[in-house]
Amino acid sequence: MPEKRPPPLQLLLLLLTLTTATVVVSAWKKEEFRTCNQTPFCKRSRSRQPHSLPPLSAVDVSLVDGDLTARLTNTSDADQKPLLLTISVYQDGILRFKIDEDPSLDPPKKRFEVPDVIVPGFEDKKLWLHRISTVDGGSVVYLSDGYEAELRHHPFELYVRRSLDGERVVSVNANGLFDFEQLRTKSDGDDWEERFRSHTDTRPYGPQSITVDVSFYGADFVYGIPEHALDSLALRPTRGPDVEESEPYRLFNLDVFEYDHDSPFGIYGSVPFMLSHGKSGSSAGFFWLNAAEMQIDVMPELDGRIDTLWMSEAGIVDAFFFVGPGPKDLVKQYATVTGTSTMPQLFATGYHQCRWNYRDEEDVYGVDSKFDEHDIPYDVIWLDIEHADGKRYFTWDRVLFPNPVEMQKKLSDKGRRMVTIVDPHIKRDESFHLHKEATQKGYYVKDATGKDFDGWCWPGSSSYPDMLNPEIREWWADKFSLNNYVGSTRSLYIWNDMNEPSVFNGPEVTMPRDALHYGGVEHRELHNAYGYYFHMATANGLLKRGDGKDRPFVLSRAIFAGTQRVGAIWTGDNTAEWDHLRVSVPMLLTLGLTGISFSGADIGGFFGNPDPELLVRWYQVGAYYPFFRGHAHHDTKRREPWLFGEASVSGIPVLRPLWMEFPSDQAAFNISDTFLVGDSLLVRGVYNEGEKSVSVYLPGKQSWYDLRSGASYTGGTSYKLDVSLDSIPCFQRAGTIVPRKDRFRRSSSQMTNDPYTLVIALNSSLEAEGELYIDDGKSYNFENGAYIHRRFVFSNGKLTSTSIAPANTKGKFSSDCVVERVILMGLPRWGKNALVEPGNIKVDAELGPLTLRPGSKLSVLVIRKPNVRISDDWTITLL
C-alpha cells in the first residue's frame with residue numbers, strides 16, 4: 001500500500017470555501033445567573049473593610065496527636081461560640097489547616113467536609129509535631145527545610161515564612177477579614193429564605209458562609225482557580241486602587257452555553273487552587289478544599305504582595321499552603337494532595353470526531369469512510385444524545401442504530417473506537433428499567449421536602465442519582481458492564497455531559513441549593529463536586545468492565561479538584577469566534593497549572609459556523625491540545641476535516657505556561673498566546689483573522705529552532721515572524737531531544753510498530769538530552785514496571801541511549817520499533833558517516849529534510865537508517 005499523505009492545503013481551502021455559511025446565534029442569558037450583589041453572602045463579605053470585624057484570638061494552643069490545635073474566640077462577643085483550629089504539617093513543604101465549629105457545643109448539624117478528593121495515603125506523609133516554639137504573641141512550628149509556620153494569637157493570623165530571613169511567603173487573615181457564620185436553629189420570626197427570579201431557597205440552617213483573606217508575598221502575579229474564560233493567563237485584579245471594579249471570580253459549576261470570552265463568571269468547573277509567582281523565581285500556593293459556591297476577589301500587586309479574598313457559601317475551612325519554592329515544586333505539592341493525571345490510553349491522545357448528532361449507522365459509516373478517502377487520521381467517533389432511545393441512557397434507538405455491536409466492531413477492526421454520551425439526568429419513565437430501579441432503591445437526590453427531586457433536562461422530567469453516596473456510585477458503575485449496557489463493547493467509551501448538574505428549570509439552570517443528599521447534606525455544600533463524583537462513578541464502571549486491566553476513557557464537562565485522577569475534560573460550549581480560539585490557550589494552561597492536564601477545547605467552536613481561516617487556525621493550535629476533538633452543534637453546517645481542509649507521575653502539566661520552565665524570566669510571566677508542550681516545544685497560535693505576521697517571545701538564554709526550517713533563534717528575545725495559512729510558529733528548545741513518529745497513519749493504533757525519528761536540537765555546548773516512555777498504551781501493566789523508559793544524551797559528537805527504568809520489576813514490556821532517522825539541528829560541521837555500536841556499522845549522514853512533508857527543503861543533518869532498537873542500549877558516533 002502506498003504511504004499515506006495529508007490532503008493538500010489547496011483542496012482543504014477549496015472545500016472550505018464551498019461549504020462555509022454564516023449562522024447567527026444568540027448570546028448567553030446573563031440575567032439567568034446571579035451577580036455578587038444578588039448573592040447575599042458575597043455582597044456581605046465584599047462590603048467589609050480590612051480590620052473592620054471584631055478580632056479573633058487563638059487560645060488554648062497545644063499539641064494533640066501531632067497537630068497544633070487552638071480555639072478561636074471572639075473576645076468582644078461572649079455569645080459567639082469558639083471555633084476549633086487544627087494545623088498539620090506534611091512532607092515536601094505542605095501545611096494544612098482546618099477551622100470548624102466545635103462539635104461538643106451541639107451545632108444544629110455537622111458541616112460538610114468534602115470526601116474522596118485527597119489521595120489515599122496522604123495522611124501517611126504527615127509529620128508529627130513534637131514541639132511548639134513560643135515567640136512574642138505567637139507559636140511557631142517547623143514546616144520544612146528553610147520554612148516555618150507561625151500562628152499569631154491576637155489577632156488571629158497564620159502565615160508561612162522563610163526561616164533564614166523571616167520573609168513571609170503566604171498568610172491567612174493578615175487583613176482581619178476572616179469570618180465564619182455558624183449554623184443556627186431557626187426561631188419564630190427568622191426569615192432566612194433567599195429568592196432569585198422565580199426560585200426560593202429555604203436555607204433551613206440560616207447563613208453559613210465563610211470568608212478568608214489570603215495574602216501572597218514576593219508575588220507579581222497570581223494564577224489558577226479555573227474555570228473561567230479569560231484571555232489573560234494571570235488573574236487580573238477585580239477591585240482595589242486604580243482598578244475598574246468587576247465581579248469577583250466565581251466558582252460555581254453551571255451550564256453556561258456560548259459563554260463570554262473574557263469574564264470572571266464561573267462556568268462548568270471549579271478548582272479552588274491559586275498559585276503566585278514573582279520576579280525572584282519563587283512560587284507559592286493556596287488550596288481550599290470546599291465544594292460550595294465561592295467568589296474570589298484579587299487585589300492589585302502592591303510592593304510585591306497580592307491580597308485575595310475568598311468567600312464561600314458553606315462548608316468548613318480545610319485549606320493547604322504550598323511553599324514551592326519553584327513552580328514545578330508547587331504543582332508537585334498540589335499533586336501530592338489531590339493526585340496526578342490518570343495515564344490515558346494511547347488512542348485517547350489522538351483525534352476525536354464528534355457532532356450533535358451523527359444521524360444513524362449509515363452516517364457513522366459515511367464519516368468513517370470519508371476520513372479514509374481523504375487520508376485524514378482519526379481515532380474516535382462520538383455519538384451525542386440522539387443515539388439513545390428517547391434519551392434514555394444505556395439504550396440505542398433501534399431504528400437509527402439497529403446493530404451497535406457490529407458498528408463498533410467494524411470501527412475497532414480499523415483501530416478506531418466509539419464514544420457514547422451518558423448524562424446524570426435519568427428520564428422519569430416507569431417503563432425505563434434504570435428509573436424504576438433507582439426509584440425503588442431510593443437512589444435519587446431529594447428535594448427540600450424529602451421527595452425524589454424532579455427537574456427538567458433533555459429527556460423532559462428527570463431525576464438525578466445521588467453520587468455522594470458510595471453505594472450509589474458502585475450501583476452506577478455496574479451499569480457499564482457488557483450485560484447491563486446492551487449493545488456496548490470493550491471498544492466503547494463514555495462522555496459525561498450536563499453533570500454540573502444541569503437542570504433546565506432550576507435556579508441558574510442547576511439544582512436547588514436546598515436539595516438533599518446522602519447524610520442530610522444540602523446541595524449547596526457539595527454542588528461543585530457533584531460532577532466529579534459522577535465522573536468518578538462512570539470511570540469506575542469502565543474499569544470494572546475491563547476487570548481492572550484497561551485504562552478507562554471518560555470525558556467530563558464538570559470539574560473539581562481531583563478530576564485529573566478520573567479522566568479528561570473539555571472547556572464546554574464555546575463559539576466559532578476568534579476570541580474563543582484565543583481564550584482556549586490560557587484556559588487550558590490554567591487547568592494544567594491546577595492539575596488537570598488532559599484537557600481540550602472544541603475545535604472550531606461548538607456554536608456557529610467558523611469561516612475557513614478560523615477553522616484552519618483552530619486545528620493548527622488544537623493539534624497541540626492534550627485532548628483533541630472537533631465538535632459542533634446540530635444547527636451548524638457539517639464541518640468534518642475534509643470539508644475544511646510527565647503529568648501522570650509528578651503532576652507537572654503537559655501544556656505549560658512559559659514561566660513554569662523559565663521562572664526567572666519576567667517577560668514570560670503573563671504571556672497567554674504562547675505555550676510549551678512538555679519542556680521542549682514552544683507553540684504560538686494565530687488568533688486574528690487575516691493575520692500575516694505575529695510576535696513570538698522565545699524565553700531563556702539558549703537558542704530555539706524553527707521546526708519547519710531548522711533556523712536558529714536566540715532566546716530572551718521577541719521576534720516578528722511572517723505566518724502563512726499552512727502553519728503556525730513552533731520551535732524546539734536547544735539542548736533537547738524529541739522522539740517522534742513521522743509515518744502518516746489512519747489511527748494511532750496503526751502507528752504502534754512504526755519507527756522513530758529522534759530530533760536533536762543542540763545547545764551552545766553542542767549537547768542535548770531527552771527521554772522516551774513507551775508502554776502498551778491500554779493497560780495498567782506499567783504500574784508493575786511493564787514499560788520502556790530511555791534517556792538519550794548527545795555529547796562530544798556521540799548519541800547514547802540508556803535505560804532509566806527500574807530494574808528487576810515484575811512487569812515486562814518489549815518493542816521491536818527501531819530508530820529510522822536521527823536529525824541534528826545546530827551542528828556547525830559534520831562528516832558523511834556515523835558509526836553505530838554495538839555492531840561497528842557505518843551509516844550515512846547527509847543533508848536532509850526536517851520533516852517528511854512534501855516540498856520540505858534539505859536543511860539539517862540526517863543520520864539515515866541506523867535501525868537500532870528503541871529498547872536497547874546503543875551509541876551512534878559522528879565520524
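1. Glu227 sits in the loop between strand S15 and strand S16, the latter covering residues 249-251. The peptide bond that joins Pro226 and Glu227 is cis, with omega at about 25 degrees. The model is a predicted one, and the points below should be read with that in mind.

2. A second cis peptide bond runs from His154 to Pro155, and its omega is near -10 degrees. Pro155 is also a loop residue: its place is between strand S8 (147-152) and strand S9 (157-162).

3. Two residues other than glycine deserve a look for their backbone angles. Asp106 has a positive phi, near 55 degrees, and lies in the loop between strand S4 (94-101) and strand S5 (126-127). Met498 has a positive phi near 60 degrees and is found in the loop between strand S28 (492-496) and strand S29 (516-517).

4. Are these two residues buried or exposed? The cut-offs are under 20% relative accessible area for buried and over 50% for exposed. Asp106 has 62% relative accessibility, so Asp106 counts as exposed. Met498 has 3%, so Met498 counts as buried.

5. Now the chain as a whole. The chain contains 13 helices and 52 strands. Its radius of gyration is 28 Å, close to the 29 Å from the globule rule for 879 residues, so the chain is as compact as a globular protein of that length. The C-alpha trace spans about 90 × 70 × 55 Å along its principal axes.

6. Of the 879 residues in the chain, 61% are buried. The area that the chain exposes is about 33300 Å², and 50% of that area comes from carbon and sulfur atoms. The chain carries 96 positive and 119 negative charges, and the mean positions of the two sets are 5 Å apart.

7. Strand S17 covers residues 273-277. Five of its five residues are buried, so S17 is largely enclosed by the rest of the structure. Phe273, Leu275 and His277 point one way from S17, while Met274 and Ser276 point the other way. Both sets of side chains belong to buried residues.

8. What pairs with S17? Strand S15 (residues 221-224) pairs with S17 in the antiparallel sense over four bridges; here Tyr223 has Leu275 as its bridge partner. Strand S18 (residues 283-288) also pairs with S17 in the antiparallel sense, over five bridges, and His277 stands opposite Ser283 in S18. S17 and S18 form a hairpin with five residues between them, and in the turn Gly281 has a positive phi of about 90 degrees.

9. A UniProt annotation from an unreviewed entry, "domain: Glycosyl hydrolase family 31 C-terminal", covers residues 651-738. Over residues 651-738 the chain is 5% helix and 39% strand, and the end C-alpha atoms are 21 Å apart.

10. Next comes a sheet of six strands. This open sheet has the order S35-S36-S37-S42-S39-S40, with antiparallel pairing. Its edge strands are S35 (655-656) and S40 (712-713), each of which pairs on one side only. At the S40 end, S39 (residues 704-706) and S40 pair over two bridges in the antiparallel sense, and the bridge partner of Tyr705 in S40 is Ser712.

11. At the other end of the order, S35 and S36 run antiparallel and are joined by two bridges. Arg656 stands opposite Leu676 in S36. Strand S36 (residues 674-677) has Thr674 and Leu676 pointing one way and Phe675 and Val677 pointing the other, and all are buried.

12. S36 is also joined to S37 (residues 681-684) by four bridges, again running antiparallel. On this side the bridge partner of Leu676 is Leu682 in S37. S36 and S37 form a hairpin with three residues between them, and Gly678 in the turn has a positive phi of about 65 degrees.

13. Another open sheet is made of three strands in the order S25-S27-S26, with antiparallel pairing. Strands S25 (426-427) and S26 (455-457) stand at the edges with a single partner strand each, so one side of each has no neighbour in the sheet. S25 and S27 (residues 460-463) pair over two bridges in the antiparallel sense. The bridge partner of Lys427 in S27 is Ser462.

Methods. Residues numbered from 1 in each chain as written. Predicted model: local features only at pLDDT ≥ 70, side-chain atom pairs only at ≥ 80, totals over all residues. Heavy atoms only, no water. Rg over C-alpha atoms; globule rule 2.2 N^0.38 Å. Buried < 20%, exposed > 50% of the residue type's maximum accessible area, 1.4 Å probe, protein only. Areas by Shrake-Rupley, 256 points an atom, 1.4 Å probe, with all protein chains shown as cover. Lys, Arg positive; Asp, Glu negative; His and termini not counted. Charge placed at Lys NZ, Arg CZ, Asp CG, Glu CD. UniProt positions renumbered as here; feature names shortened; annotations may be inferred. Pairing = 2+ DSSP bridges.
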